[in-house]
Amino acid sequence: MAKWIKKYRWGLLFLLPEIAVFLLFLWVPIVRGIVYSFEKVDFVAGIQFVGLDNYRDILSRSEILQSVRNSLYYMVLCVLIGFWVPCLFAVIVSELRRFQGFARSLLYFPTLVPSVALYGMWLWFYDSVGPFNSFLASLGLDKIPFLTDTHWAMPSIVLMETWQQFGGAFIIYIAGMAGIPRDLYEAAEIDGAGVWQRIRHITLPGIRHLLVLMFIMQLIATSQAYQSQQAITDGGPVNATLTYGLMIIREAFTNLNYGTASAMGVLMLIVLGGLSVLYMRLDKDGVISR
């Protein structure tokens, strides 16, 4: 051990600042949050150990089940409406012979829109006198209460996020497709393969590992969603868009109940840790990279 430390001492010294930052800003908050989940946190009156009371409090609330259902509903909608869209456009753009650079820039543009401007723009789109409802009215159809109807609110948020998050995933898929050897496409074209055959037998198998990774990353990201729900509907109407993540934020920063919020975060950590273990297991077994 001493010889190993002596051999790599300079490398270890260079790593020390990164290790310190990593521990200070990542692992210390995680450990502190787990400890808080067993405490009643009051920074004025003092912190008191309460055992599993915070967990019992969470599980006794009717809102928690609704927030979990809403989060699962949101995750399913994001997969059905949003997951396949960036991959589809990446495949289409990769097949373009001209203007491929322009198409990439155009499709990445929504990602550059600041969130504040994005929320303002989509609030106008969904307004009763906004462009969507004006178009429906011009066709003689009834207006849709996109953000005030319990059935329409969550799909409307997912549609907005699909448009906004589209560019980042699109670029990742494009980068993945760029790693597929071009001679495979050239050989397929010589053999008379059409566009669909190239996509089916070369492109999609070539990015299969990326699709699995992006799917799991999307599940992890969408399970923590709260920003759009807070900014657009504030969890309404009638808690129809109250997600688990938004409930944690309300508990911590509105109700100032950090112990309960930490306990909710720990429960989420367990679920997300399970997803991460699943991904590593699939990767280790070669299911992803096969």
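In the predicted model, threonine 162 touches Ile81, Gly82 and Val85, leaving aside residues up to four places away in sequence. Threonine 162 belongs to helix 8. With a relative accessible area of 16%, threonine 162 is buried, because the limit for that class is under 20%. Its separation from arginine 61 is 101 residues in sequence and 31 Å in space, taken from C-alpha to C-alpha.

The UniProt record, an unreviewed entry, lists residues 12-30, 72-93, 105-125, 162-181, 202-221 and 261-280 under "transmembrane region". Two of these spans were examined for secondary structure. Residues 12-30 are 100% helix and 0% strand, and the C-alpha atoms at the ends of the span lie 25 Å apart. For residues 162-181 the helical share is 85% and the strand share 0%, with 30 Å between the end C-alpha atoms. The same unreviewed entry lists residues 68-279 as "domain: ABC transmembrane type-1". Over residues 68-279 the model is 76% helix and 0% strand, and the end C-alpha atoms are 22 Å apart.

A nonpolar surface patch of about 1,200 Å² is formed by Trp10, Leu13, Phe14, Leu15, Leu16, Ile19, Phe22, Leu23, Leu26, Trp27, Val31 and Val35. One of these residues, leucine 23, is located in helix 2, which comprises residues 9-36. Leucine 23 is partly exposed, at a relative accessible area of 43%. This value allows leucine 23 to be part of the patch, because patch residues must have over 30% relative accessible area.

Helix 10 (residues 195-206) has buried residues at Arg198, Ile199, Ile202 and Thr203. These four residues lie on the same side of helix 10, because they cover an arc of only 125 degrees around the axis. Trp196 and His201 are exposed and are carried on the face of helix 10 turned away from the buried side. The cover over the buried residues of helix 10 includes helix 4 (62-94), helix 8 (153-178) and helix 9 (182-190). Helix 8 is also the helix that holds threonine 162.

Glycine 265 is placed in helix 14, which runs over residues 258-284. The relative accessibility of glycine 265 is 29%, so this residue counts as partly exposed. Glycine 265 and phenylalanine 109 are 156 residues apart along the chain, and 33 Å separates their C-alpha atoms.

Several backbone features were found in the loop between helix 12 (227-233) and helix 13 (244-254), where proline 237 lies. The peptide bond that leads from glycine 236 to proline 237 is cis, and its omega is near -5 degrees. Aspartate 234, in the loop between helix 12 and helix 13, has a positive phi of about 55 degrees although it is not a glycine. Aspartate 234 is partly exposed, with a relative accessible area of 45%. Asparagine 239 likewise lies in the loop between helix 12 and helix 13. For asparagine 239, phi is near 60 degrees, again a positive value in a residue other than glycine. Asparagine 239 has a relative accessible area of 23% and is partly exposed.

Conventions: Residues are numbered from 1 along each chain as its sequence is written. This is a predicted model: local features need pLDDT of at least 70, side-chain atom pairs count only at pLDDT 80 or more; totals for chains, interfaces and linings use all residues. Side-chain values use heavy atoms; hydrogens and water are left out. UniProt positions are given in the numbering used here, feature names are shortened, and annotations may be inferred rather than shown by experiment. Helices (H or I, at least four residues) and strands (E, at least two) are DSSP runs, numbered from the N terminus. Patches are made of residues with over 30% relative accessible area and no salt bridge: like charges are joined within 9 Å, nonpolar side chains (Val, Leu, Ile, Met, Phe, Trp, Tyr) within 5 Å. Accessible areas come from the Shrake-Rupley method with a 1.4 Å probe; for residues, only the protein chains shown count as cover. A salt bridge is a side-chain nitrogen of Lys or Arg within 4 Å of a carboxyl oxygen of Asp or Glu. Buried means under 20% relative accessible area, exposed over 50%, partly exposed in between (1.4 Å probe, protein chains only). The arc is that of the directions from the helix axis to the C-beta atoms. Contact means heavy atoms within 4.5 Å.
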